[in-house]
Amino acid sequence: MSHITYNKMWAEAQEALNGLLQREIEDKSLKPQKDRITVFQTLATFYIKYVQIFCNLETVYDQIVHPQKRLVIRQVLEGVMGRILELKNEMVELENSEFHYFDDILQDLKLCPEHIEIPIPRYFIKEKVKVLREREKILAQILMNSGLQDIKPKKYVKPFPLEEVIRVIQISERARQGRLRATFMKQIYLEEKRGRQARLQGVKGPNLDAAALRIQKVWRGFTQWKKTVKMREEEMIFLGMNPPPHFQRISASVARAQNVETKRCEVQGRHETEYEKALVSIKTHLREIEGPDIKESLQDQIRQWFIECRHITGKFPDYPNEEEGGSTAIFSQKTPDQVAAELAAKEEAAAVKKKPKEKGKKEKKKKKGKEKGKGKEKKGKMDTEEEEGWKMAPSNFLPIMEEGNNQYKDIWQNRDERWNFLQEYDPELIKEEKRKEVEEEIRVQVDELMRQELKNLKLAVDREKDKKRKKSKKGGKKKKKKGKKKEKKKEKDLTPNRTIDSLYKELVEGGLLIKPKTVKLSDYVGSQAVHEKAPLVKALLLAGPTGVGKKMLVHALCTETGANLFNLSASNIAGKYPGKSGLQMMLHMVFKVAKQLQPSVIWIGDAEKTFYKKVPKSEKEMEPKRLKKNLPKILKSLKAEDRVLVVGTTQRPFDADLRPFCKVYKKILLIPRPDYASRFVLWKHIILQNGGAVTKSLNISCLAKVSDGFTQGHIVYAVQTVLSERRLRQMTNKPLTAAEFLSSLARQDPVYKEEEETYKVWYAKTPLGKARARALLEGEEVGKGKGKGKGKGKDKEEKKGGKKGKKKKK
């Protein structure tokens with residue numbers, strides 16, 4: 001695809017985004033909505049459309065080679081990503097559920113479920129490939145030096161003496177010759193037997209016509225059977241029941257596309273370096289050529305301002321400080337009359353400040369009284385707002401998207417680029433941008449010169465004003481000191497004299513920083529909804545039975561985002577850095593390295609052990625509750641810009657004390673066992689992944705039905721045990737059947753309904769589960785009230801009566 005196609009795709013995405021932004025502005029002005037279903041539909045529609053725009057913009061950003069276009073696309077892309085997360089959060093708060101169903105809305109928009117799957121942006125890894133490769137090398141070297149590298153032990157082979165080797169070869173050769181002689185003798189014996197039987201029965205010579213007819217029947221039947229099988233296979237492929245032939249083989253077009261993509265990445269890198277060089281060279285060129293003219297024009301304008309102010313007010317003005325903007329405040333298109341009015345207003349304000357402070361105290365008391373009265377009014381207003389309905393929460397990302405959208409409209413929408421076929425940087429745009437920077441730099445120099453010139457003028461004309469200005473400057477300095485007192489104290493650095501490399505090495509050797517497995521989210525089949533929720537909050541808990549893919553998802557997050565993986569599981573930190581001071585040092589080192597080398601994922605396996613209700617006797621020596629007090633404090637210290645995510649995994653969440661557990665892990669995802677559709681996809685995907693071939697003799701539908709109750713881990717184990725090296729070699733002559741996988745599957749214990757119910761009961765006790773149950777009960781009560789009562793008064797009476805009745809029952 002050429003750059004024209006991607007420019008067209010970008011224009012379509014921007015047009016769709018522009019329409020969405022206008023709709024969002026219109027929705028703000030509308031009245032709050034009361035119907036919950038319509039609210040969810042509007043949110044879901046916005047969410048689906050933003051996801052589509054995100055997918056298009058992500059493709060465009062990855063493929064376009066123009067460096068200046070990519071800057072604008074990147075800004076809009078990040079704004080869209082943030083808005084998707086905001087809408088997701090809105091839907092979670094509205095529905096009190098982490099999982100949402102968009103089937104009806106997708107049907108209305110004529111879209112497939114694939115259209116709402118959020119891809120991981122490719123620039124996450126591409127832009128820091130060098131850093132990640134260097135980090136992998138360092139990690140591998142540290143593991144190798146410390147002897148922690150997972151090296152497969154070589155099989156010991158006992159050396160044979162020469163005589164023994166010759167004897168083995170002789171035995172095998174004699175056996176081969178014996179087998180050949182036996183088959184030859186068998187053929188002779190059978191021929192002699194047929195001859196004897198023919199002589200006894202008195203059979204004459206063979207009938208050639210009958211023999212030919214027999215051969216024709218067999219051959220025609222065979223050819224017709226082949227045609228029928230081929231027609232059936234073509235029909236199954238057409239219906240989508242079987243994969244097409246050469247499904248796993250990479251086609252020539254795919255290989256060509258991969259080659260083009262690598263070349264495109266090279267062109268992107270080359271254009272980026274050229275653009276960065278041009279930024280420096282064009283700026284120096286502008287400073288040399290246009291700098292002197294800019295300096296002269298600025299000085300002339302400022303001197304003219306001095307004369308005009310002196311002419312109108314009868315005195316020279318005060319030159320604005322650097323905090324006020326310097327000469328930029330002068331050139332804000334203000335007339336001398338407006339400047340005089342501002343000076344008069346400043347003088348009045350200074351006179352007001354000189355009045356006694358008692359009036360200020362009285363006013364404060366009055367304000368406190370008013371605030372107390374307002375408190376009750378605010379409560380009343382909150383109640384009325386809740387009754388009125390729902391309104392869209394303010395967004396932090398709409399201004400970013402609007403700014404990027406305006407840049408596209410102003411610069412790129414109607415820009416003529418016929419001259420720029422290679423899509424290199426545009427020097428005119430760089431000149432416009434750098435001219436402002438050069439003007440700003442020269443303005444600072446001119447301000448220093450003109451301040452001195454104004455000072456000299458004032459000394460010559462009016463020395464008293466110069467004294468007043470000095471007094472005001474002294475007062476300004478005192479105010480700055482007050483601001484310094486308000487600054488918060490920085491956290492103590494327990495390792496001030498140590499480098500990040502040394503801390504990194506110590507954490508790797510201690511087993512706290514581990515190498516993540518190379519798992520992609522595309523390999524995580526069966527639960528697409530989990531992909532978009534992981535990076536939403538500081539701490540995330542993945543709960544579910546064994547084998548549903550909790551650890552795999554943690555490794556996939558690290559692989560897709562290029563994050564470091566720290567292991568703070570209770571079993572891993574047992575005996576390491578003992579005592580309170582040791583624990584503080586360990587956590588300080590982990591989070592210091594995690595923040596410096598972000599993004600980072602801090603994994604806590606068996607997260608329930610940190611918040612045990614009662615520690616088992618067998619685990620008391622391990623001290624599983626070491627992190628209970630420190631973990632909430634650390635999470636509070638994490639800022640928005642720190643890209644650090646704490647991920648806990650648990651298969652027994654009901655063993656933990658619920659309150660502190662939910663305070664730390666505010667986002668909880670319960671991953672269930674796979675349903676029929678997910679199992680069908682899993683069997684097919686895992687068999688192909690492990691080198692197997694899906695043919696008509698393998699009934700995947702049967703496997704999906706039989707494996708009801710089993711998890712993804714059970715299916716992976718069953719496939720890997722069956723598809724050994726020996727079985728893969730036999731694949732061409734002996735295709736796979738469903739019966740082969742049943743024996744290895746039957747050896748494992750499935751997830752029973754009772755176990756699944758315990759997870760559901762536990763999740764119902766979490767804050768989100770309670771909120772959902774409460775909302776459902778309120779909905780049922782409202783529905784009953786509306787059905788019984790005719791008027792509003794009756795509805796209210798029935799609700800009150802219902803509530804009293806419930807209290808009595810309790």
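In this predicted model, K636 is counted as exposed because its relative accessibility is 72%, and the cut-off for that class is over 50%. The residue sits in helix α20, which spans residues 630-637.

K636 also has company. Together with K538, R659, K663, K666, K770 and R774, K636 forms a patch of positive charge on the surface. Two helices stand out as contributors: α21 (658-664) and α28 (767-788) each provide at least two residues of this positive patch.

A rather different picture emerges at strand β5, which covers residues 644-650. Here the chain is mostly covered, with 7 of the 7 residues of the strand buried. In a regular strand, side chains alternate between the two faces of the sheet. For β5, V644, V646, G648 and T650 point one way, while L645, V647 and T649 point the other way. Residues of both sets are buried, that is, each has under 20% relative accessible area.

The neighbours of β5 in the pairing pattern are also easy to find in the structure. Strand β2, made up of residues 539-543, pairs with β5 in the parallel sense through 5 bridges. In this part of the model, L542 stands opposite T649 of β5. Strand β4, residues 600-605, likewise runs parallel to β5, and 6 bridges join the two. I604 is found opposite G648 of β5. G648 and T649 thus offer handy landmarks for viewing the strand: G648 belongs to the set that points one way and T649 to the set that points the other way, and both are buried.

Notes: Residues numbered from 1 in each chain as written. Predicted model: local features only at pLDDT ≥ 70, side-chain atom pairs only at ≥ 80, totals over all residues. Heavy atoms only, no water. Patch = residues over 30% accessible without salt bridge, like charges linked within 9 Å, V, L, I, M, F, W, Y side chains within 5 Å. Areas by Shrake-Rupley, 256 points an atom, 1.4 Å probe, with all protein chains shown as cover. Salt bridge = Lys/Arg side-chain N within 4 Å of Asp/Glu carboxyl O. Lys, Arg positive; Asp, Glu negative; His and termini not counted. Charge placed at Lys NZ, Arg CZ, Asp CG, Glu CD. Helix = DSSP H or I, 4+ residues; strand = E, 2+ residues; numbered from the N terminus. Buried < 20%, exposed > 50% of the residue type's maximum accessible area, 1.4 Å probe, protein only. Pairing = 2+ DSSP bridges.
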